[in-house]
Amino acid sequence: MLLLGLASACSRSAADHEELGDRAYAAGAYRDALAEYQLGVKAGASADLLAKGAAAALHTQDYALAADEYLALADKDRSRAAEAAEGLERVVRAALAANDRAALGSALAGLQTVAPTRPLGRYARLVALDAAERGDTSTALALLPVAVAAAPDGRSADSLLFVYGLAAARARDCQTAVPVMEGVIRRQHELRVVDGAREGLSLCALIEGQALLDQGKPVDAESWFRRATAPGASLDVTRSAYLGLGDVRLAQGDVASALESYQQAMAGGNPGDSITIRAQQKINALGKADPDASQPKQL
């Protein structure tokens with residue numbers, strides 16, 4: 001009987017908070033309404049309280065909370081998933097207008113969870129590109145495929161695919177990045193990103209080569225390092241690849257060729273940069289402290 005009494009009291013408490021919240025909401029006092037709805041959720045969450053709390057949060061411009069509440073609504077009552085999706089889309093529009101990046105990302109992620117077949121269109125593109133620019137690779141990788149699917153033409157699609165491939169490369173997911181970049185280069189739909197795609201391929205070649213070298217497979221690593229020195233690679237990637245080639249030659253017992261590769265890694269660098277320091281250390285370890293004694297040679 002005591003437990004039943006406590007449960008009843010909690011239920012009444014939640015209902016009381018809901019009623020107070022409804023009164024405040026009707027009067028346009030949305031912050032007060034939100035506070036009451038949140039207290040009601042703590043006393044005993046219901047789908048109605050979550051929906052009302054989300055609407056009040058939207059009115060108070062707390063878009064991140066609104067997104068969370070709509071997502072909780074769909075989780076609490078799957079029959080109201082469509083309602084939650086409509087609410088999340090309202091949050092997306094409001095957060096976009098307010099330039100609230102965090103809330104926009106949360107709302108879009110929630111929308112994908114609640115209604116995975118719902119078209120996100122331009123919203124996904126905006127958030128994905130913003131995430132890529134900020135270095136938020138997980139959000140970029142999640143939303144860029146959606147943005148690509150909604151692209152109006154081949155040029156736009158390849159432009160977005162380039163960003164996707166670059167984000168994958170930065171996340172060291174070269175199994176994803178390499179075919180994406182190769183496709184962008186092969187199709188030539190958007191010439192402005194082709195050079196960048198070549199840079200991305202070189203970066204992945206360097207990553208793959210280093211991974212194979214770390215696994216004790218210098219013969220397999222060599223071809224990847226050579227790909228990383230191909231035209232279009234950035235200077236730092238090329239120099240790092242020559243460091244790798246030097247390690248490959250050293251593992252094969254060819255000290256002279258290793259020295260040449262380490263010297264090549266120093267070409268174009270500054271005295272204090274990390275690649276120069278590493279190359280100098282490797283040269284010193286070979287007993288050749290003066291790398292200027294001979295000119296670097298192309299391999």
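This report describes a disulfide, a helix, a pocket and three individual residues in a predicted model.

**The disulfide**

A search of the whole structure finds one disulfide. The bond joins Cys174 to Cys204, with an S to S distance of 2.3 Å. Cys174 belongs to helix 10 (residues 174–187) and Cys204 to helix 11 (residues 194–214), so that the pair, 30 residues apart, links distant parts of the chain. The link of Cys174 and Cys204 is left-handed, with -95 degrees about the S-S bond. Both partners fall under the 20% limit for a buried residue: Cys174 has a relative accessibility of 4%, and Cys204 has one of 0%.

**Helix 10**

The helix that carries Cys174 has 14 residues, which at 1.5 Å a residue should span 20 Å. The end C-alpha atoms of helix 10 are 20 Å apart, in agreement with that expectation. The buried residues of helix 10 are Cys174, Ala177, Val178, Val180, Met181, Gly183, Val184 and Ile185. In general, an α-helix has 3.6 residues a turn, so residues three or four places apart point the same way. The buried residues of helix 10 pack against helix 9 (154–170) and helix 11. Helix 11 is also the element that holds Cys204. After helix 10 comes Gln188, whose phi is positive, near 60 degrees.

**The largest pocket**

The largest pocket holds about 210 Å³ of space. Its lining consists of 13 residues, and those that lie nearest the centre of the pocket are Leu206, Gln210, Asp236, Ser240 and Arg278. Two or more residues of the lining come from each of helix 11, helix 13 (235–251) and helix 15 (274–285). Helix 13 gives the most to this lining, with six residues. By chemical class, the lining of the largest pocket divides into five nonpolar, three polar and five charged residues.

**Three further buried residues**

The table sets out the place and the relative accessibility of three residues.

| Residue | Place | Relative accessibility |
|---|---|---|
| Leu104 | helix 6 | 9% |
| Thr60 | loop between helix 3 (47–59) and helix 4 (63–76) | 11% |
| Ala115 | loop between helix 6 (101–114) and helix 7 (122–134) | 17% |

Leu104 counts as buried because its relative accessible area of 9% is under 20%. Leaving aside neighbours within four places in sequence, Leu104 is in contact with Val92, Ala95, Leu96 and Val127. Leu104 and Arg192 are 88 residues apart along the chain, and their C-alpha atoms are separated by 29 Å.

Thr60 lies in a loop, between helix 3 and helix 4, and is buried at 11% relative accessibility. With neighbours within four places in sequence again left aside, the contacts of Thr60 are Tyr30, Arg31 and Leu34.

Ala115 lies in the loop between helix 6 and helix 7. At 17% relative accessibility, Ala115 counts as buried, since the limit for that class is 20%. Between Ala115 and Asp273 there are 49 Å in space, C-alpha to C-alpha, and the two are 158 residues apart in sequence.

Note on methods
Residues are numbered from 1 along each chain as its sequence is written. This is a predicted model: local features need pLDDT of at least 70, side-chain atom pairs count only at pLDDT 80 or more; totals for chains, interfaces and linings use all residues. Side-chain values use heavy atoms; hydrogens and water are left out. A disulfide is a pair of cysteine sulfur atoms within 2.5 Å. Helices (H or I, at least four residues) and strands (E, at least two) are DSSP runs, numbered from the N terminus. Buried means under 20% relative accessible area, exposed over 50%, partly exposed in between (1.4 Å probe, protein chains only). The expected span of a helix is 1.5 Å times one less than its number of residues. Contact means heavy atoms within 4.5 Å. On a 1 Å grid over the protein atoms alone, a cavity is a set of points where a 1.4 Å probe fits but cannot get out, and a pocket is an open set with protein on both sides within 12 Å along at least five of seven lines; lining residues have an atom within 4 Å of a point. Grid points are joined across faces, edges and corners, and a volume is the space filled by probe spheres set on the points. Ala, Val, Leu, Ile, Met, Phe, Trp, Tyr, Cys and Pro count as nonpolar, Asp, Glu, Lys and Arg as charged, and the others, Gly among them, as polar.
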